[in-house]
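Trainee: I should be grateful for a close look at one residue in a loop of this model. Please then set it beside other loop sites, a helix and the empty spaces.

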Amino acid sequence: MNDILALDGASLLAAFRNRALSPVEVVDAVLAGIERHNPVVNAFNIVDAEGARTAARRSEARWAKRAPLGPVDGLPLTIKDNIIWAGHPARRGSRTSSTDPVAESAPSVDRLLEAGAVPIGKTTLPEFGWKGIGDSPLTGITRNPWDTRVTTGGSSAGAAAAAVLNLGVLHLGTDGAGSIRIPAGFCGVYGIKPSFGRVPAYPPSPYAILSHVGPLSRTVHDAALVLTVASAPDPRDMTAVNTPAPDFRIGLDDGVRGLRIAWSPRLGYVEKLHPEVEALTAAAARAFEELGAIVEEADPGFADPVETLNVIWAGGAAALLRAIPESRHAEVDPGLRAMAERGRGLLAGDLAAAANARFPLSTAMARFHERYDLLLTPTLATPAFAVGHDVPPDGSFGNDWIGWTPYSYPFNLTLQPAATVPCGLTAAGLPVGLQIVGPMHRDDLVLRASRAFEAIRHWPTIAEPRALTAS
């Protein structure tokens with residue numbers, strides 16, 4: 001089982017092609033891994049073992065005829081539980097959500113299933129994805145496999161934990177203020193928030209003007225594979241890119257030689273940065289010089305846009321709570337209720353002003369990218385901290401989870417592609433991530449830079465959760 005769970009998507013596809021492995025064997029290994037590890041890490045809230053085995057048998061039959069449906073045929077897929085999947089409920093981490101199965105799948109799920117991916121189950125998230133931590137009233141705490149005493153981050157918490165242990169190869173997540181990059185950074189896996197609209201989304205998120213659909217994975221190639229398939233147009237998303245999806249695998253190994261890259265350790269406004277994070281990310285930025293890029297320290301030149309984010313976030317929370325019967329509000333995460341209460345006090349003009357405030361920010365970044373092809377920053381300001389807390393319990397980053405995520409949310413506001421690559425471990429053995437930000441619609445360039453870094457820096461992996469603790 002562990003041998004199979006050590007393989008990435010490219011290796012599995014090669015094994016299917018030469019009949020060294022079958023999709024059924026792979027799915028059996030993944031399901032056995034989930035049975036063994038999920039009680040510890042709590043990455044899945046729904047596992048459809050029967051459906052997965054049925055899909056795997058169909059994939060096996062196609063491979064036997066050398067007629068795969070598409071480039072992901074037979075690869076195990078997990079789906080974050082705020083992304084709909086026909087025949088299964090979308091609980092979204094909330095006790096107040098319906099337990100009825102939904103009738104249709106999201107565009108990204110449809111495209112991946114049409115290409116032969118094998119759906120395994122749904123992964124955990126904080127209630128409605130409202131915060132950057134991995135716990136919810138419905139499913140409890142999701143734990144980081146690198147150290148089960150610490151958080152995965154969120155909101156794509158279960159997706160990141162599953163990716164660490166290869167419980168599935170392709171993992172769909174969402175990112176409204178860092179929700180792919182935060183847990184990928186804390187868990188030492190790859191995650192990319194593509195350009196807004198690159199992957200169609202339906203139904204729209206409560207934070208729709210910020211929210212992106214994208215992959216988490218162990219390798220850049222597997223993420224590129226997901227984007228290649230999931231980026232096809234879909235009429236249900238009025239904001240989606242309505243052109244054929246590019247093949248993001250093409251040019252993936254072209255490197256970064258000659259590119260001008262900015263390294264911004266504090267974005268011009270970040271006051272608190274953990275020293276180990278600063279040292280590891282600075283060393284990672286210098287590695288791009290080894291790859292032939294021109295790296296200069298430079299800030300983009302905008303002020304912290306946290307208040308713009310907070311207004312949009314509070315408005316979305318208010319809309320969420322309004323849709324829940326008042327008699328059930330006590331079942332909702334208290335932090336989400338408090339955010340919604342702030343949103344209820346907003347005026348329509350406040351929301352319009354916050355939406356419009358994204359434009360000068362986007363313009364500033366567009367001008368910055370006239371000089372620099374890419375921007376590098378730390379992914380997060382701190383390593384992962386103890387579960388059961390929304391902020392580091394020593395008080396070093398204040399009382400709001402946004403305080404330790406200052407690098408992620410600006411690029412939801414600007415809609416640009418941004419990824420996180422693992423760039424080392426702290427003295428305590430916890431992963432640290434480096435963020436790679438590209439110009440709008442240059443997802444290919446972000447993937448290329450990510451792959452170049454991956455090629456020269458071995459990303460450590462683990463096969464078993466560590467430091468197991470009682471919940």
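**Arg66 and its wider setting**

Mentor: Arg66 is exposed, because its relative accessible area of 56% lies over the 50% that marks an exposed residue. The model is a predicted one, and every value below is computed from it. Arg66 belongs to the loop that runs between helix H4 (49–64) and strand S2 (76–80). Its backbone deserves attention as well: phi is positive, about 55°, although Arg66 is not a glycine.

A second arginine may be read beside it. Arg19 has a phi near 65°, again a positive value in a residue other than glycine. Its loop joins helix H2 (9–17) to helix H3 (23–41). With a relative accessible area of 51%, Arg19 is exposed.

Gln416 offers the opposite case in a loop. It sits between helix H14 (410–413) and strand S14 (418–425), and it is buried because its relative accessible area, 3%, falls under the 20% limit. The side chain of Gln416 makes a polar contact of 3.0 Å with the side chain of His369. Beyond its neighbours within four places in sequence, Gln416 is in contact with residues from several stretches of the chain, including Lys193, Pro194, Ser195, Met365, Phe411 and Val437.

Two further loop sites are marked by their peptide bonds. The bond from Gly154 to Ser155 is cis, with omega near 10°, and Ser155 lies in the loop between strand S7 (147–151) and helix H6 (157–164). The bond from Tyr202 to Pro203 is also cis, its omega being near -10°. Pro203 is placed in the loop between strand S9 (190–193) and strand S10 (212–217).

Pro203 leads on to the largest pocket, which holds about 590 Å³ of space. Of the 39 residues that line this pocket, Pro203 is one of the closest to its centre, together with Ala201, Pro204, Ser205 and Ser211. Helix H5 (107–114), strand S8 (170–175), S10 and helix H10 each supply at least two lining residues. By type, the lining divides into 20 nonpolar, 13 polar and 6 charged residues.

H10 (306–322) also figures in the setting of helix H11, where it is part of what covers the buried residues. H11 spans residues 334–344, and its buried members are Leu336, Met339, Ala340 and Gly343. These four cover an arc of only 100° around the axis, so they lie on the same side of H11. The face turned away from that side carries the exposed residues Pro334 and Arg344. At the start of H11, a side-chain oxygen of Asp333 comes to within 2.8 Å of the backbone nitrogen of Gly335.

There remains the enclosed space. The structure holds 1 cavity of 30 Å³ or more, and about 50 Å³ of space lies in the largest cavity. Among its lining residues are Gly185, Phe186, Val277, Thr379, Leu380 and Pro383. Helix H7 (181–187) and strand S15 (431–437) are the elements that give two or more residues to this lining; S15 gives the most, with 3. Here the lining divides into 6 nonpolar and 4 polar residues, with no charged ones.

Terms used. Residues numbered from 1 in each chain as written. Predicted model: local features only at pLDDT ≥ 70, side-chain atom pairs only at ≥ 80, totals over all residues. Heavy atoms only, no water. 1 Å grid on protein atoms, 1.4 Å probe; cavity = no way out; pocket = protein on both sides within 12 Å on 5 of 7 lines; lining within 4 Å. Points joined across faces, edges and corners; volume = space filled by probe spheres on them. Nonpolar A, V, L, I, M, F, W, Y, C, P; charged D, E, K, R; others polar. Buried < 20%, exposed > 50% of the residue type's maximum accessible area, 1.4 Å probe, protein only. Arc of directions from axis to C-beta. Contact = heavy atoms within 4.5 Å. Polar contact = N/O pair within 3.5 Å; in protein donor to acceptor, adjacent residues only side chain to side chain.
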